[in-house]
Amino acid sequence: MTEIQMKNLRHSYYPNPKTEDDYALKSVDLTWEEGLAYALLGPSGSGKTTMLNILSGLLTASEGQVLFDGRDVTRLDARDRNIAQVFQFPVIYETMTVGENLAFPLKTRKVPAAQIKDRVGFIAEELGLTALLGRKARGLSAEQKQRISLGRGLVREDVAAILLDEPLTVIDPAEKMALRRTLKSVQLHLGVKLIYVTHDQHEAMTLADRVVVMDDGEVVQVGSPEELFENPAHKFVGYFIGTPGMNFVDCALDGSDLVVGNARFALNGAVQTLAGTSKPLSFGIRPDFLSLSEARPGRTIPGTVTRVENHGDEQIIAVDVGGAQMLARVEDHVRARAGENVHLNPDPQAMRVFAGQRVVDLPRNTFGDLT
Amino acid sequence: MADVTVNPKADATPPDSIALKQEGSAMLRARANRKPLVKMAILTLFFVFLLAPIYWLVVMSFKTDTEIVTKFTLWPQEFTLANYKTIFTTHSWWSSYINSALYVTLNTIISLAVALPAAYAFSRYRFLGDKHLFFWLLTNRMTPPAVFVLPYFQFYSAFGLIDTHIAVAIAHCVFNVPLAVWILEGFLKGVPKSIDETAYIDGYSFPRFFTTILVPLIRSGIGVTAFFCFMFSWVELILARTLTTSDAKPIVAVMTRVYSGAGIEWGLIAAAGVLTLVPGILVIWFVRNHIARGFAMGRV
Amino acid sequence: MSEINNRAWFLVLPVLVIVAFNAIIPMMTMVNYSVQDIFGPDNRYFVGLEWYKELLGDVELRNALRRQVTFSSLVLLIQVPLGILIALTLPQKGKSVAFCLIILGLPLLMPWNVVGVMWQIFARADIGLGGAAIAALGIDFNYSRDVLDAWFTIVVMDVWHWTSLIVLLAYSGLRAIDPAFYRAAQIDGASRWQVFRFVELPKLAGVLTIGIMLRLMDSLMIYSELVVLTGGGPGSSTSFLSQTLVKKAIGQFDLGPAASFSIIYFMIIVTLCFVFFRSITRAQEGE
């Protein structure tokens, strides 16, 4: 296994990039640790594919370095850097059998036949392909073909990382779960580093140990799924992860209080930190950490219910808090009707303040005691 | 605050321009190690081979007959436009080009018009005898005109169609329609069936769906098919000659008259031959983008 | 995936009508003639399969068939690999693509008798560029006297005429291959040959089937070019099925044998194509 480092990586598709906007990838510093499953998450055009191609050696970055265990591979071709890739749609050798497909990357590397046989047998077992080894790859289902693609990466014992470029796109919904489980178990058994590109937060959250969130050519946050959910470092992470995403409401400082809509929150000594920034402030809270309660000045945000969506065992309530809307996720027994005046009660632990796009690092007890 | 409810799962946009650029460079990179010099050399050699006889034909068309048959000259010693002048001033010559163009156009239109619905049927449905029908259609592509001229002549005479453009246009359907069905079927298979279903749900009638949705979708395929129909009809000699006598006589037949005579007028034939290339070049030029795209769809 | 729908026949009907008009009725006429001995409109006798029996024992026809098979195999063996090779060297994009397409299209767009006329002069050692080039190498080249030279000329002519068709089809097939396949092969460490063998060739199978079938059919029917170029000679060394049968038919002044020749010829072509078609599709399925 290999540790992959990216240093000051920038990439532009233009020969002479002038402005920052000409860069598809803007200054990336990142270390991909050994044996972990990574997800590269972001919307289309956020630079994920560029990043992936730089990792695999399809693209050479305009600036910066890629290091594999300290070895500079920035300018090396795909075949010289021990990377395997699974594509969006199944890419297999149709005229070969499943076994021949799996053996192919070893054959081209002149591995002895006996060794190939053992390794192919082992990997086929891992992927649940043993029964299919003698079958032509052509007639198999998309899901089975994706397993073969994955297998062609796994058979190589020297493989530094397997890149998966939205590999579930063409898979039947019913089979997606099975393939996801296989991915997870293979990763645990073989300890191979998976880098999984997706724009689907659920895929990213369920598969990965670490999620790398990208937006507009930048890595905005790297962290475990829990971290991203609980402590988004960037507004984008806030609303991209979680359904519905994080609520953001403009807010302002007034003396030692933070004004959010029609509510005021006392800042326990964090005024200095917030006063220091010139960027517009916004208040952020996930719908999951809002509840309805009685009016408690200094603790709750008054507002009017505009919409109630019933989601079975829970409901999403949209509340107008004075020019802005907030969503709250509450249990189904909570009664609320459109037009009703309510008070939103945010969990003090989950309240965040953002300056511009970035979160402001505030002490844990800013909005209330830890009890 | 509208962005609060942005749902990333709905983000299934097709590849944007960046992704497209990446694919392009993927192809370049993957093929970079294919020794461009060797490739250039092979291609150049092949093009020289293709162009050499045509060069000779063009040069001949500007020579006098004496020069053609008595001397070996790489370019005309006595440059003359007389051959072209003869063609453009003789009614039987220039009208024969118009005749050819007429029946070729007619044939292309008929072939496409009848082949499109059939290709659609083959690509979408299975019906009684479809496989046999398909091979039977192909066998018609194998009808050798050289030995079938007699029944053709008799048959078209019976309908009083001899020496009309439509006769040749219909006769050429025997090899162009099967080909057109074959090519178009490939393109139509590439159109997802869900498009048909969506259109029907939206209340489109079959003819309206066909003409306003399906045809525009596969226009590159139609371009490629039209090119092949044009090509095979334009170059065919035997049927065209058999079914015409004077009014609809095509250029290919007029030329045979010249060289079967006593003294062969090589220069004239060469000039006529060069001129037969012109419509083809025009056709390729006008449909070049369609052809390139049609070929890119890989359904030919 | 496809539903059974016999209404689809309505969509196929126009094709049936137009092809039947052209193929079935003339074919029936031929079959009718072929079993008769016809001296005039009112003077005909039913002779059954007499003409067929006579023809199948005909040495000249058998020789022509042998030459035909040799010729067709030869041109296919040259054109298919050469066409694929050229398709691989064509540019992928840019302005030069249209230019290359036009040059490739030129031979295909030339009327077949013009092709014959052009090569008739071009291949002559005294006044033709091609023939003179060979003569300059010190070879006594004369396609109207020497059998080998004649064969060489017609094969080169056919290669000139038709390789472009294979190139265009193969090129379209290659363009349709998603770059991801090349990427995967590169990652797997495949050599250039392996990329061709395991990625490109399987993807070309479909278009190559069309290309090979078209070439097979047309090479079996070759007529106009040869009538002009060699006239079947020297002797009858380049006289293939079409020419032999036309010569026989004209020589007979009798519709009966002429018709039976035509039927037999047609059957030969259909049989050869069918066998070939089946073997290609079988090979693809069995891969």
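Two strands count as paired if DSSP finds at least two bridges between them. Keep that cut-off at hand for the exercises below, which walk through a predicted model.

**Exercise 1. Find the bridge partners of A:L40 in β8(A) and β9(A), and describe how β3(A) pairs with each of these strands.**

Step 1. Start with β9(A), where A:L40 has A:V212 as its bridge partner. Strand β9 of chain A covers residues 210-215, runs parallel to β3(A) and is joined to it by four bridges.

Step 2. Now turn to β8(A): there the partner of A:L40 is A:V197. Strand β8 of chain A spans residues 194-198, and its parallel pairing with β3(A) has five bridges.

Step 3. Check both counts against the cut-off of at least two bridges. Four bridges to β9(A) satisfy it, and so do five to β8(A).

**Exercise 2. Decide whether the residues of strand β3 (37-41) of chain A are buried or exposed, and say what follows for the strand.**

Step 1. Recall that in a regular strand the side chains alternate between the two faces of the sheet.

Step 2. Sort the residues by side: A:A37, A:A39 and A:L41 lie on one, A:Y38 and A:L40 on the other, and all of them are buried.

Step 3. Draw the conclusion: because five of the five residues are buried, β3 of chain A is largely enclosed by the rest of the structure.

**Exercise 3. Work out the strand order of the open five-stranded sheet in chain A and name its edges.**

Step 1. Take the pair β16 (residues 301-310) and β17 (residues 314-320) of chain A, which is antiparallel with six bridges. Within it, A:R307 sits opposite A:A318 of β17(A).

Step 2. Extend this to the whole sheet, whose order is β15-β19-β16-β17-β18 (chain A) with antiparallel pairing.

Step 3. Look for strands that pair on one side only: these edges are β15 (290-292) and β18 (325-331) of chain A. From one strand to the next, the twist averages 50 degrees.

**Exercise 4. Describe how domain 1 and domain 2 of chain A are placed and where they touch.**

Step 1. Set the bounds: the assignment gives 4-236 for domain 1 and 244-359 for domain 2 of chain A. For comparison, the unreviewed UniProt entry places "domain: ABC transporter" at residues 4-241 of chain A.

Step 2. Take the centres over C-alpha atoms; those of the two domains of chain A are 39 Å apart.

Step 3. Look at the contact, in which five residues of domain 1 of chain A meet six of domain 2 of chain A. The domain 1 side comprises three nonpolar residues, one polar and one charged.

Notes. Residues are numbered from 1 along each chain as its sequence is written. Chains are lettered from A and ligands numbered from 1 in the order in which they are written. This is a predicted model: local features need pLDDT of at least 70, side-chain atom pairs count only at pLDDT 80 or more; totals for chains, interfaces and linings use all residues. Domain bounds come from an automatic or database domain assignment. Two residues are in contact if their C-beta atoms, placed from the backbone, lie within 7 Å. Ala, Val, Leu, Ile, Met, Phe, Trp, Tyr, Cys and Pro count as nonpolar, Asp, Glu, Lys and Arg as charged, and the others, Gly among them, as polar. Helices (H or I, at least four residues) and strands (E, at least two) are DSSP runs, numbered from the N terminus. Axes are lines fitted to C-alpha atoms, for helices over the stretch in contact, and angles run from 0 to 180 degrees between N-to-C directions. UniProt positions are given in the numbering used here, feature names are shortened, and annotations may be inferred rather than shown by experiment. A residue is buried if 20 or more other C-beta atoms lie within 10 Å of its own, exposed if 12 or fewer, and partly exposed in between; C-beta atoms are placed from the backbone.
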